[in-house]
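Visitor: I'm new to reading protein models. Could you walk me through this one, a feature at a time?

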Amino acid sequence: MDFSEIDAGALAEAGGKAANLGELTRAGLPVPPGWVLTTEAYRQVAEGLETSGDGLAERARRHLLETPVPAAVHETIVKSYAALGDDVPVAVRSSATAEDLPFASFAGQQDTFLNVVGAEAVVDAVRRCWASLWTDRAVAYRESNGIDHAAVRLAVVVQVMVDARVAGVMFTANPVTGRRREAVIDASPGLGEAVVSGAVNPDRFVVRGGEVVERQAGDKRLVIRSLPGGGTERVETTDDALCLTDDQVRELAALGARVEDHYGAPQDTEWAVDGAGRLWLTQARPITTLYPLPETTRPGLRVFFSVNVAQGVMGPLTPMGVAAFRLISAGGARLAGHGPADPRDGAPFLAVSGERMWLDITTAVRSRPGRAVLPRALTLGEARAVTIVERLFEDPRLTLAHTSRRPFLRGFGRFARRLHLPSRVLMALTRPRAALAYTARIGEELDRRLTLPASVTPAQRLDHAERMLYGTFPVILSIMPIVITGYGLFALASKLSGVPLNEMGDVLRSVPHNPTTEMDLELWELSTRIEPEPFRDLPVPELVRLYQEERLPPVAQREITAFMGKYGHRGVAEIDLGVPRWSEEPAHILGVLANYLRMDGGLAPSELFAKGDEEARATIADLAARARRRGRWRGGVVRFGLGRTRMYAGLRELPKFYLVKTLASIRRSLLVVGEHLVDRGVLDSAGDVFYLDLREVRAALGGGGDLRDSVARRREAYQRERRRRHVPRVLLSDGTEPETLGESATDGALTGTAASAGTVTGVARVVLDPVGAHLEPGEILVCPSTDPGWTPLFLTAGGLVMEMGGAMSHGAVVAREYGIPAVVGVPDATHRITSGQEITVNGAAGTVELP
């Protein structure tokens, strides 16, 4: 079957390379002639193959290599090969149906056989291609990506060999920086196998805008060449000259652009230049590692900051979670007079990409006030982004916009007035009890507004959800002037005492009024009051069953139920309205309790908290004394200011606590709406409502049609994004990840942001998901980021290392309160540190030492 003859049905079953080559041939691109043996042939040979059990890879390979090739398939191979000519050298390449998926390329997992000559040799190479679907690496890769072995098929591509003078790989977007329309070309003499397999250091070229902007010569000490009669040889060379001219590089980049335009997405291609200088395209597949671009209608280069990273939620948000964020952002934008015409559209500075939320911070990056405020704001919550953003200030494409400061000042003035900023700052300074009482009243008012009578209709529930999402954020944000007053006084105390902020961390230990810390301490105290059995013996799923059936021992059942009544609205990834709460899925909390009850010895967290409070007060006394030596009045101001700091710093978590309570209440209400739509045959289950947005739910309540297919597609997209291993902190609209443009850290040196003072050496425990995680007392928790769903683990941790966050991020705040050394913003910590490895965390210096 010639590439040009592959029909739509064959494309669907042939998999990656086969499908792509058929399309490229018809598009008139220079693809070497050949044919495809589709997956039906593989199915015949694999008949009866057992695709599970121990030793799967070895058993499957043996089955395929020992099973005779069916006569009809053998005949097809021989006839198709003869149609190419007499003993034509060919490449026999695998093309699995699991290749080139949106989340995994499977590159190199199956085998390729080059310069195969003779019909029977081709038959044997085809058989070995089939068997390579079951290499140990291919089986492991499928398992790690959650792909069913039984569902995978393999087609075989047979191409006429290009007797390559030079060959290699070309990405039509930069795979390291993510920049689109920037071709990166690796080239080496001989067959491209040398480059693809990593056997050689190739020449590297970068092409941008039709110009070669980088040239880097590799040593190219190995050349793979075809042998007469079949097979290849490896020859050592000493050629250090560039193997492509600039004209050839530009021709390659132009070809790559044509391929990308054909598919509408950046491509990973393989190519070859023959002895006559003709360029051939031998393979094309999508680049699966690029982060998708946020949608924007604004002109010019845009800068996006990840809301998910800032909140410690690396996974995607459900469609309803995104819809909720849009409404919340619209309410926030309204404070500054920039609300959208339809609040459900979200604020103009909010974008979505990869099922995650992004803030367009271009205006701040290109304005003087923004450049003054943005780094300071990021230092508190996402310190690693500060260097990235400051580097963007030097980008000539992001120069200061020549605009008046008046719009910024007007917007800030409007924002400050609507938050009653001056009066609340004054209240925080002069009437601390009134300030604390105000924050409590916000919570009481919120509870009142969230309460709905049982008689409300589904449409009224939806109306209520939209009102609460739009209106709650401005209300709970009114707490922040009080919090900012505390941190402002903290900075003032640093100036008056002459002590740098990073040496004053003990002041923020064991601060009161933090709802997350209070929750953790209550959970610990709960563990001291309940019956230890059956928590020490039974697995967590069994504990969940007993709790839900109300069959736990009486004290445990009563105490846990009370805890859930107060804190059950929380959970992992709790900013997403679409994810279950602890009250719905109590496995995490019951697992934490089981871990607590298995512990033996050490100070109780309440005692550690009290000790931290004493140390904080001693630090304040010391700082006041040091300030007094610089001027009598300074000591009193420092003592007063730091007293207010400790009073208000813990309130930093309160707006989020109230917001999550709001989301949990709306979630319960939307589940009732979902049940109504199930009764009407629109959805399969109540939880499917979270894979719709607010407009779709309203349309469905008004008589819209069946939404089950839409939900299925959304679920698939959500699950696909959950497999994504990397989410940028900052992303440009041309795809560039600015963080990749900085200097690499020295090998073995892990540095981040100092978050909680102290030094500890202990065994690392890398945890990617807190649910079901077990941390032995004293182990050092190494994780991507944290939200309150993680903090029960802090009670047994000896230290904390986090990939995300800044000195005022959630994990840093809680670590200080518990008095455990912490370093945050450590690049690739979960990859560079392994569980069981002994590491030293220096929370004052911001370093992590490896053995």
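Visitor: Where do I start? How many helices and strands does the protein chain have?

Guide: Keep in mind that this is a predicted model. Counting secondary structure is a good way in: the protein chain comes to 30 helices and 24 strands.

Visitor: And what radius of gyration does the protein chain have?

Guide: The idea is to hold the value up against what a compact globule would have. With 851 residues, such a globule would come out near 29 Å, and the protein chain has 31 Å, which agrees. You can also look along the principal axes, where the C-alpha trace spans about 95 × 60 × 55 Å.

Visitor: What share of the residues is buried?

Guide: Buried residues make up 54% of the 851 in the protein chain. Then look at who touches whom: of the contacts with a separation of 6 or more, 68% are between residues 24 or more positions apart. As for the outside, the accessible surface comes to about 36100 Å², and carbon and sulfur atoms account for 52% of that.

Visitor: How many positive and negative side chains are there?

Guide: There are 98 positive and 104 negative ones, and the centres of the two sets lie 11 Å apart.

Visitor: Let's zoom in on one helix. Which residues of α21 are buried?

Guide: General idea to begin with: an α-helix has 3.6 residues a turn, so residues three or four places apart point the same way. Now the case here. Helix α21 covers residues 540-548, and its buried residues are Leu543, Val544, Leu546 and Tyr547. They cover an arc of only 165 degrees around the axis, which puts them on the same side of α21. On the other side, Pro541 and Gln548 are exposed.

Visitor: What covers the buried residues of α21?

Guide: The cover includes α22 (554-567) and α23 (587-598).

Visitor: Now backbone angles. How should I read phi and the peptide bond?

Guide: Most residues other than glycine have a negative phi, and most peptide bonds are trans. With that in mind, look on either side of α21. Just after the helix, Glu550 takes a positive phi of about 55 degrees. Before the helix, in the loop between α20 (515-529) and α21, you'll find Pro534. The peptide bond from Glu533 to Pro534 is cis, with omega near 15 degrees.

Visitor: Where does Arg181 sit, and what is its phi?

Guide: Arg181 is in the loop between β5 (164-171) and β6 (182-189). Its phi is near 55 degrees, a positive value in a residue other than glycine. Arg181 is also partly exposed, with a relative accessible area of 43%.

Visitor: And His513: where does it lie, and what is its phi?

Guide: His513 lies in the loop between α19 (480-497) and α20. Its phi is positive too, near 65 degrees. With a relative accessible area of 31%, His513 is partly exposed.

Visitor: One more idea: distance in space. How many Å separate the C-alpha atoms of Ala119 and Arg441?

Guide: Those two C-alpha atoms are separated by 83 Å, and the residues are 322 apart along the chain. Ala119 is found in helix α6, residues 119-131. Its relative accessible area is 23%, and the cut-off for buried is under 20%, so Ala119 counts as partly exposed.

Visitor: Which residues is Ala119 in contact with?

Guide: Leaving aside its neighbours within four places in sequence, Ala119 is in contact with Val78 and Tyr81. Try finding them in the structure yourself.

Notes
Residues are numbered from 1 along each chain as its sequence is written. This is a predicted model: local features need pLDDT of at least 70, side-chain atom pairs count only at pLDDT 80 or more; totals for chains, interfaces and linings use all residues. Side-chain values use heavy atoms; hydrogens and water are left out. Helices (H or I, at least four residues) and strands (E, at least two) are DSSP runs, numbered from the N terminus. The radius of gyration is taken over C-alpha atoms; the globule rule is 2.2 Å times the number of residues to the power 0.38. Buried means under 20% relative accessible area, exposed over 50%, partly exposed in between (1.4 Å probe, protein chains only). Contact means heavy atoms within 4.5 Å. Accessible areas come from the Shrake-Rupley method with a 1.4 Å probe; for residues, only the protein chains shown count as cover. Lys and Arg count as positive and Asp and Glu as negative; His and the chain ends are not counted. The place of a charge is taken as NZ of Lys, CZ of Arg, CG of Asp or CD of Glu. The arc is that of the directions from the helix axis to the C-beta atoms.
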